[in-house]
Amino acid sequence: MMKVLIIDDDPRVVRTLERLLKEEYIVNVAMSAEAAEEIAYNTHHDIILLDLILPDMDGEDLCALLKARLKTTPIIILSAKSNVSDKDVAFRRGADDYITKPFSGRELRFRISAQLRKAEPAPQLYSKTISLRGLSIDRSRKIVTYKNTRIMLRKKELMLLEFFILNKGRVVTRGEILEHVWDVSISPFTNSVDVHVKRLRDKIEKPFDEIYIETVHGIGYLME
């Protein structure tokens, strides 16, 4: 099931949203900006529902912070603010949609579905070959090349590179990497991710004077 993160400090609104969405989605809740950042940066969500009035930060500012890190995750604003100027600010800070409270549950579900369709994985998710700036993986033959120069990678390095390319433009946490590339039973405190990322960088960046992977301190990595 897809995951939805609700960011709202009103318990009544949260309960209503949970009732509306729990049959179709896994729902997580944050009732402050601080909690929202902690959850959003450490657990992947397919969409975020954000109220603009929070106890510790303006919702517009939080929207901008989240969008800067989670570039491809849709953010829908749910707010009682109905002025066009409020909507303009929200969209300029990174919102993908804006729904004025009160709203119908049916409309909310339609809007969520529409945003999720837009955010569907790029066609290369299903392609036999995936690539990024001269770097290419032939997924059927397990061959990696940089501008026709073959790069020899070990199995985990290849899986790691494939995961990065498929999630390019989005910060991926160490937890996500462990879940998708390693056995889920591995300890979350292992340094295996960092060790393998360094080895991968040594093979795909240094020989070609390229930079593909950025370390996002305290969170994970970004490939773009």
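**A cavity, a pocket and two domains**

The largest cavity in this predicted model has a volume of about 60 Å³. Counting cavities of 30 Å³ or more, the structure holds just one. Quite a few residues line the largest cavity: Ala40, Tyr41, Thr43, His44, His45, Ile48, Leu70 and Thr73, along with Arg170, Val171, Thr173 and Glu176. Sorted by class, that lining comes out as five nonpolar, five polar and two charged residues. The lining isn't the work of one domain, either: domain 1 (3–119) and domain 2 (125–223) each supply at least three of the residues around the largest cavity.

That brings in the overall layout. The protein chain splits into domain 1, covering residues 3–119, and domain 2, covering residues 125–223. Taken over C-alpha atoms, the centres of domain 1 and domain 2 sit 30 Å apart. Where the two meet, six residues of domain 1 are in contact with eight residues of domain 2. Between them, the domains bury about 700 Å², and 58% of that area is on carbon and sulfur atoms. On the domain 1 side, the residues that lose the most area to domain 2 are Tyr41, His44 and Arg69, which together make up 56% of what that side buries. Two of these names have come up already, as Tyr41 and His44 are also part of the lining of the largest cavity. As for salt bridges across the interface of domain 1 and domain 2, the count is zero.

Next up is the second largest pocket, with about 210 Å³ of space in it. Its lining is made of Met1, Lys3, Asn42, Thr43, His44, Asp46, Thr173, Gly175, Glu176, Glu179 and His180. Some of these residues line the largest cavity as well, among them Thr43, His44, Thr173 and Glu176. Helix 7, spanning residues 174–181, gives the most to the lining of this pocket, with four residues. By class, the lining of the second largest pocket has one nonpolar residue, six polar ones and four charged ones. Here too both domains chip in, with at least three lining residues from domain 1 and at least three from domain 2.

Finally, a couple of backbone details are worth a look. The peptide bond going from Lys101 to Pro102 is cis, and its omega is near -5°. Pro102 itself is in the loop that runs between strand 5 (97–100) and helix 5 (105–118). The other detail concerns Lys142, a residue other than glycine whose phi is nonetheless positive, near 60°. Lys142 also belongs to a loop, this one between strand 7 (135–138) and strand 8 (143–146).

Methods:
Residues numbered from 1 in each chain as written. Predicted model: local features only at pLDDT ≥ 70, side-chain atom pairs only at ≥ 80, totals over all residues. Heavy atoms only, no water. 1 Å grid on protein atoms, 1.4 Å probe; cavity = no way out; pocket = protein on both sides within 12 Å on 5 of 7 lines; lining within 4 Å. Points joined across faces, edges and corners; volume = space filled by probe spheres on them. Helix = DSSP H or I, 4+ residues; strand = E, 2+ residues; numbered from the N terminus. Nonpolar A, V, L, I, M, F, W, Y, C, P; charged D, E, K, R; others polar. Domains from an automatic or database assignment. Contact = heavy atoms within 4.5 Å. Buried area = accessible area lost by both parts, 1.4 Å probe. Salt bridge = Lys/Arg side-chain N within 4 Å of Asp/Glu carboxyl O.
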